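Reader: I would like a close look at one part of this model, the sheets. Please go through the strands and their pairing, and then turn to the side-chain contacts elsewhere in the chain.

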Amino acid sequence: MKQGLLVGSLPSHSKSVRLLKICSVVIVILDFYSSTHFAAAQTTTFAGNPSGCLACHKGIEPIMDPDSEMMQAIKVFAEMTDDPVGCTVCHGGDPTAATKEQAHLGKAFYPDPGSPWINALTCGQCHEELVKAQWNSLMMTEAGKIQGATWAFGSLEGYDHRWANYDANNPGEREKSLVTEDYCAYMDRLKIAEPQVFPDKMTSVPDAPTDMAHLADHPEQAVFTYLRGDCLRCHLAVKGRQRRGDYRGMGCSACHIPYGNEGFYEGGDEAIPKDEAGHMLVHSIQATREAKVTVNDKQYSGIPVETCNSCHDRGKRIGVSYQGLMESAYTSPFTEGGGGQIGLHTKHYIAMKEDVHYRKGMFCQDCHTSVDVHGDGYLAGTNLAQVEIECADCHGTPQAYPWELPLGYGDEFAQTSDGTARGVARKLPAALHRGTGYRNDEGYLRTARGNPFTNVVRKGNTVIVHTAAGKDIELKPLKLSLDQNELELEAKVAMDNVELHMTRAECYSCHSSWAPQCYGCHVKIDYSDGKKSFDWIAAGHQHKDDNSAADAGEADYETFMPGEIKEMRSYLRWETPALAINGEGRVTPVMPGCQVSATVIGADGETILQNHIFRTLPESEGSGAKGQLGIDMSPVQPHTVGQARPCHSCHLSEKALGYGIEGGRLNREPNEAVIVDLMTADAQVLPTGVQTQIEAIPGLTADWSRFVTEDGKQLQTVGSHFSLSRPLNNEERQHIDRQGVCLACHKEIPDGTLATGFLHHVAKYAGQLPKTPKKHNSMIHKILMIAAWGQLLTVVTGTLAGLACCVWFFRIRRRRHGRPRENVA
């Protein structure tokens, strides 16, 4: 008797491929396994027993449409088992067993087939290249988080990215079924330019400290408790925190199986409890447009944004920002009955403007490619290293259509281009054909790094974005909008008239409406009184054990470590962010990254560190021998694209230049403690039992938002990954800064000079003084035109007068020299 697909008995990948290739023939033979048969199989018998899995799981949803290519392929595999319905192809187990315990047979049963610890035996039957790539992807390594946190605790890795959640090594070459040759050549150049971000190997992040005597001498080691207990819980090798908004699967299931924010099952399976949190929403795969999912009689396709936000709700917060959610310190407004706002991802929010792409109905996957999400099989240290797309890939520029731009446009990293147009792609890499296919009569658009978009195609001089949710959005590139005179005045000035905006700045430097800014990350790691935290990396390593590999989560694991973690902020802002230079060498928004002020309490309750800011490597980040303060302003794509920020928010803003909110003048120096009690007029404290109201943060002499001074002294780090990231330099800030421009005129008004005084008084008594922005702008424009034309006419008149003088001079001279001499004979 067959035992289903057990460990070691799966068909080889080559055999799987051969089976898939003959699916078109087999489908004809297997027509009786249509959706009708699938439903009937729930009540039929098999080998004298109830119909395997469906005897218990009555009413469960088919994982995909029974007529889909995936389900037909599953049925091909199912023919090799005792399970004609195909459950065991993914879940393993024994469908012929008489009891649940026997059917769910130990490590050979996979409650979550997407788990990376076993998905080579499940998803990998058809998607071998993605299963291999997952271990080097950022969603698995979290190398950027690790480097960022260890940077804040004394630059333990320096600029290198040598630690990951698990040991990882580059394969011999990138997975060619996922990428193009152009992409590979492009990435090879980036690896040479920024080797610290593209390492060949990474090793597992060090263990959290357990020797408290050693910790007292090396308190920076507390970062590994912080990382393992808090920052790293989102990676794909664990199921993660089971809290409202954080429910998800593991590995492939983290994205491709829907979970509601409440974590309850709402499908038809009678065996799955509907009042127990932690379950999938329905037993269906969400993926591309063709993969339809039905929930409570509502059908959708694609991967909803909230799926991504089970992880992308902290750090740079790009997921919740995309939805228009900004973290709040308050639980207002009140709910019915007087309660506070319910927590989501353990936070509370205020409603901001959503990203325009979100309002158009676009999911994350509609912009982000397979490489962005799955990786290309090679290690990358940060988001900027792995993400291959740029705004101009679809929108182009006012001077060029997307297909006219060279590869690397907007993604330069100080690399030069020969200017050759990238064109369009006519075919896709082999593995990308498995998603929904779209007509590409005029070609697929290409990313800045040379891969084709699978869902974005050219149509004449327009672009069609085929969304996973089923929309076909026609996009008019900027060049076409300019040619048809459809750009607003502000847009035309910013993008066409001022060339530097396009060649030096990221599009989202202007078009990010807001950005979450959590200033000051106060981290307490407390080892006293036996306090402990769950170690998510140790939990992941436990999955490596054969007896735990198939576990669908970590609820029963005892992977605890010493130390309890607590985080707080100094204050929150969301207004237009400051600007700096990112790793690509372009002007970008920045937000507080790891601005850590660390407090470490020893096992005996004694304070080892209090509000301590570590320093970076000597002579790094514009510092001297002591190093720079290890608090970071991080370059970011906020994912809040909308109407562009107004000109004055950059050109008349101290914050935009890096000088801090209101130039940092509103805050006292944080390195001084604040005492509030009865005092004399000269600040002598009167009571003796006084307590400090606000503790000092030693070494922090400026507000958290101020990262460069007016004379160019750097006060914080700006990015810790790429060699090009930095504050705006003196020349750049001077080029941007137009503060005080009003004084250029108003210092002469009303009586500065005879001319201005006369014109002012005439305008005053004639009622022509500009009292509205429109009239003021009209007057400035008139002055500009008069000045420009006046100077031009002066030059032209002067030139013509000079030429006339020259002509007159040469004519006079010719007459004198040409007159015949008198005959004196």
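Author:
**Strands, rings and charges**

Four strands, in the order β10-β11-β12-β13, make up an open sheet with antiparallel pairing. The edges belong to β10 (444-446) and β13 (472-475). Each has a single partner strand, so one side of each is left without a neighbour in the sheet. From one strand to the next, the twist averages 40°. Keep in mind that this is a predicted model.

Now look inside that sheet. Strand β11 (residues 452-459) and strand β12 (residues 462-466) run antiparallel. Four bridges join them. V456 is a good place to look, as V465 in β12 stands opposite V456.

Follow the chain past the edge strand β13. K476 lies in the loop between β13 and α20 (478-483). K476 forms a salt bridge with E486, and the closest N and O atoms are 3.0 Å apart. E486 lies in the loop between α20 and α21 (489-497), so the pair ties together parts that are 10 residues apart in sequence. K476 counts as partly exposed, at 35% relative accessibility. E486 is partly exposed too, at 45%.

A second open sheet has three strands, in the order β3-β5-β4. Its pairing is mixed. Here β3 and β4 (168-169) stand at the edges. Each of these two has a single partner strand, so one side of each lacks a neighbour in the sheet. Two bridges join β4 to strand β5 (residues 201-204), and these strands run antiparallel. One residue to pick out is N169, whose bridge partner in β5 is K201.

Next, the aromatic rings. The count comes to 14 aromatic pairs. One of them is F153 with Y226: the ring centres are 6.3 Å apart and the planes stand at 45°, so the pair is tilted. F153 lies in the loop between α9 (143-152) and β3 (163-164), while Y226 lies in helix α12 (residues 223-231). The pair therefore ties together parts that are 73 residues apart in sequence. Are these two residues buried or exposed? Both F153 and Y226 are buried.

F534 and F560 make another aromatic pair, with 5.4 Å from centre to centre. Their planes are 85° apart, and the pair is edge-to-face. F534 belongs to strand β15 (residues 532-534) and F560 to strand β16 (residues 560-562), so the pair ties together parts that are 26 residues apart in sequence. F534 is buried, with a relative accessible area of 16%. F560 counts as partly exposed, at 40%.

Some rings form a cluster. W117, W135 and Y166 are joined in one aromatic cluster. Others have a charge over the face. R162 lies over the face of W163, at 4.7 Å from the ring centre. R586 lies over the face of Y409, and here the distance from the ring centre is 5.2 Å.

Back to salt bridges. The count comes to 33. R439 forms one with D441, with the closest N and O atoms 2.4 Å apart. R439 is exposed, with a relative accessible area of 63%. D441 is exposed as well, at 56%.

Another salt bridge joins R504 and E732, with the closest N and O atoms 3.2 Å apart. This pair links distant parts of the chain. R504 sits in helix α22 (residues 499-504) and E732 in helix α27 (residues 730-736), 228 residues apart. R504 is partly exposed, with a relative accessible area of 31%. E732 counts as buried, at 13% relative accessibility. Salt bridges that share partners also build a network, which joins D230, R233, R314, E567 and R569.

Last, the cysteines. How many disulfides does the structure hold? The structure holds zero disulfides. C647 is in no disulfide, and the nearest cysteine sulfur, that of C510, is 8.0 Å away. Two sulfur atoms would have to lie within 2.5 Å to count as a disulfide. C647 is exposed, with a relative accessible area of 61%. C742 is in no disulfide either; its nearest cysteine sulfur, that of C745, is 8.3 Å away. C742 is exposed, with a relative accessible area of 53%.

Note on methods:
Residues are numbered from 1 along each chain as its sequence is written. This is a predicted model: local features need pLDDT of at least 70, side-chain atom pairs count only at pLDDT 80 or more; totals for chains, interfaces and linings use all residues. Side-chain values use heavy atoms; hydrogens and water are left out. Rings of Phe, Tyr and Trp (its six-membered ring) pair if their centres lie within 6.5 Å; planes under 30 degrees apart count as stacked, over 60 as edge-to-face and the rest as tilted. Buried means under 20% relative accessible area, exposed over 50%, partly exposed in between (1.4 Å probe, protein chains only). A charge sits over a ring if NZ of Lys or CZ of Arg is within 6 Å of the ring centre and within 35 degrees of the ring normal. Two strands pair if DSSP finds at least two bridges between them. Axes are lines fitted to C-alpha atoms, for helices over the stretch in contact, and angles run from 0 to 180 degrees between N-to-C directions. A salt bridge is a side-chain nitrogen of Lys or Arg within 4 Å of a carboxyl oxygen of Asp or Glu.
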